[in-house]
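User: Please take a close look at a single part of this model and explain, in connected prose, how that part sits among its surroundings. I am in my first year, so please say what each term means when you use it.

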Amino acid sequence: MNTSEPSGPRVLISGASIAGPSLAYWLDRHGFEVTVVERAPKVRPGGQAIDVRGPALEVAERMGILGELRARSVGMRGMSVVDGDGAELYRSTERTVSGGDLGSPDIEILRDDLAEIIVAAGGEAIEYLFDDSIASLEQDEDEVRVTFERGPRRSYDLVVGADGLHSHTRRLVFGPTEQFIRHLGTCMAVCTVPNFLGLDHWQVMHQMPGGGMRGAMVMSVRDGTQARAYLMFDPAEPITCDHRDIHGQKNLVARELAGDSWQMPRLLELMRSAPDFHFDSASQIHMDSWSKGRVVLLGDAGYCGSPLSGQGTTMAMVGAYVLAGELKAADGDHTTAFTAYDKELRDYVRANQEVAITNMSLRRAQLEQEAGGSSAAADALAEADAATFAEVVTSYTVKDY
Ligand SMILES: Cc1cc2nc3c(=O)[nH]c(=O)nc-3n(C[C@H](O)[C@H](O)[C@H](O)COP(=O)(O)OP(=O)(O)OC[C@H]3O[C@@H](n4cnc5c(N)ncnc54)[C@H](O)[C@@H]3O)c2cc1C
């Protein structure tokens with residue numbers, strides 16, 4: 001509970017995953033009064049290993065959490081690609097499917113571990129309201145009046161939507177998601193499963209026969225005490241199922257990946273009883289402006305790059321640092337700050353969204369080579385990919401505020 005007296009401008013942030021708590025951390029440090037509302041009853045468990053790269057490493061350093069991120073990284077040693085009988089077709093200790101080049105300084109860490117570390121790093125005065133959501137927003141020149149699904153109504157100086165790809169804040173203020181979303185043609189589910197393959201800091205990928213992206217990847221996490229399963233397919237048409245209907249999503253994944261190659265039946269069975277489950281289409285959000293009046297969007301809500309970009313987390317952490325910094329620099333003048341935030345980040349966002357498209361075609365070509373056992377060709381494609389990717393990742397330099 002927040003017991004401190006109101007200090008600076010009052011900011012409400014919707015979403016407590018990566019972007020929201022990162023922004024809360026920086027705004028609190030700059031003297032703002034911060035509340036974060038999260039629909040889930042606590043910081044949500046689950047999600048794949050995500051990557052903190054380039055400028056986000058610098059931001060993590062400035063937050064004092066870089067050492068902890070390194071200590072809790074997934075520490076992969078490499079990967080294999082297997083056929084329908086489990087025989088190894090390809091092997092690499094240079095790179096992995098989930099994290100890319102193992103020689104890079106990037107940190108690969110579970111999404112829920114990263115969220116937990118960022119929340120814990122935030123100041124005591126940050127107020128978290130779990131199990132609630134914004135119900136309505138009404139703004140004028142002076143403030144934003146907010147009603148919640150559960151809690152009493154309140155007023156804020158600013159509201160930030162950091163509530164992900166399907167952002168509720170964006171829908172309320174900017175209109176239907178359909179205007180902004182671009183589906184990239186692949187869907188992916190991620191859940192925690194027992195480490196039934198006995199993997200040791202290793203990942204195994206299987207591509208089912210029949211072409212297109214259709215298969216699974218399993219990686220050991222938390223020092224082999226658990227594994228995370230990734231289940232992927234290219235839907236024939238863009239998925240329209242309710243993104244909160246977990247039962248319906250599991251049925252869809254089971255239908256799409258039916259077949260008895262490799263460990264697929266077992267994985268689908270484990271998915272049914274998994275303690276967490278995240279499913280989504282690989283999609284991007286494209287908007288001409290990330291703000292309207294006193295409301296602004298951050299992270300996936302405003303500029304999701306999709307899992308194929310490998311840069312969602314980096315954009316969320318860097319975006320939070322820049323937004324807080326520009327609000328500080330503009331001395332609370334949100335119009336000036338939101339314009340500067342957009343100007344500062346727009347090119348980086350564009351480059352990262354473009355890299356997702358390049359990644360997708362390169363990755364598919366690579367998969368074909370790996371599944372065909374052509375290691376040299378697969379490695380050559382991976383090297384070319386890594387070089388272009390590193391250039392984009394490091395193309396933004398963190399400012400001082
Ligand atoms: C459970 C989970 C699993 C994920 N797994 C993967 C994955 O496997 N691969 C991948 O590439 N990306 C995954 N992501 C997305 C990834 O975390 C983001 O791309 C990236 O880290 C940027 O984070 P973000 O904070 O902008 O958005 P997100 O991480 O999507 O966070 C949005 C937050 O907003 C909350 N929220 C949603 N609606 C409301 C509402 N109405 N009111 C209040 N809060 C709300 C959500 O519960 C969530 O905590 C996952 C996200 C979540 C929440």
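Analyst: **Helices and their surroundings**

In helix α4, the residues Arg111, Asp113, Leu114, Ala115, Ile118 and Val119 are buried, where buried means that 20 or more other C-beta atoms, placed from the backbone, lie within 10 Å of the residue's own, while 12 or fewer would make it exposed and anything in between partly exposed. This is a predicted model, in which local features need pLDDT of at least 70 and side-chain atom pairs count only at pLDDT 80 or more, whereas totals for chains, interfaces and linings use all residues. Residues are numbered from 1 along each chain as its sequence is written.

The buried residues of α4 pack against α1, β3 (49–52), β8 (107–110) and α9, and this leads on to α1 itself. Helix α1 covers residues 19–29, and 10 of its 11 residues are buried, so it is largely enclosed by the rest of the structure. These buried residues are Ala19, Gly20, Pro21, Ser22, Leu23, Ala24, Tyr25, Trp26, Leu27 and Asp28. Together they pack against β1 (10–14), β2 (33–38), α2 (54–63), α4 (111–121), β13 (158–161) and α9 (312–329). Helices (H or I, at least four residues) and strands (E, at least two) are DSSP runs, numbered from the N terminus. After α1 comes glycine 31, whose phi is positive, near 90 degrees.

Of these neighbours, α9 deserves a closer look. Helices α1 and α9 pack at an angle of about 30 degrees, with their axes 8 Å apart, the axes being lines fitted to C-alpha atoms over the stretch in contact, and the angle running from 0 to 180 degrees between N-to-C directions. That angle makes α1 roughly parallel to α9, since angles under 35 degrees count as roughly parallel, over 145 as roughly antiparallel, 65 to 115 as roughly perpendicular and the rest as oblique. On the side of α1, the contact is made by Ala19, Ser22, Leu23, Trp26 and Leu27, and on the side of α9 by Ala316, Met317, Gly319, Ala320, Tyr321, Leu323 and Ala324, a contact being two C-beta atoms, placed from the backbone, within 7 Å. By class, these residues divide into 10 nonpolar, two polar and no charged, with Ala, Val, Leu, Ile, Met, Phe, Trp, Tyr, Cys and Pro counted as nonpolar, Asp, Glu, Lys and Arg as charged, and the others, Gly among them, as polar.

Alanine 316, which is found in helix α9, counts as buried because it has 32 C-beta neighbours inside 10 Å. Leaving out residues up to four places away in sequence, alanine 316 touches Ile18, Ala19, Ser22, Gly299 and Asp300. The C-alpha atoms of alanine 316 and leucine 66, which are 250 residues apart along the chain, are separated by 16 Å.

Helix α9 also meets α2, whose axis comes within 8 Å of the axis of α9 and crosses it at roughly 50 degrees. The two helices α2 and α9 are therefore oblique to each other. Their contact is made by Gly54, Pro55, Ala56, Val59 and Ala60 of α2 and by Thr313, Thr314, Met317, Val318 and Tyr321 of α9, and it holds seven nonpolar, three polar and no charged residues.

For the wider setting, the secondary structure of the chain comes to 11 helices and 20 strands, and buried residues make up 49% of its 401 residues. Along its principal axes the C-alpha trace spans about 65 × 40 × 40 Å. Among contacts between residues at least 6 apart in sequence, 69% join residues at least 24 apart.
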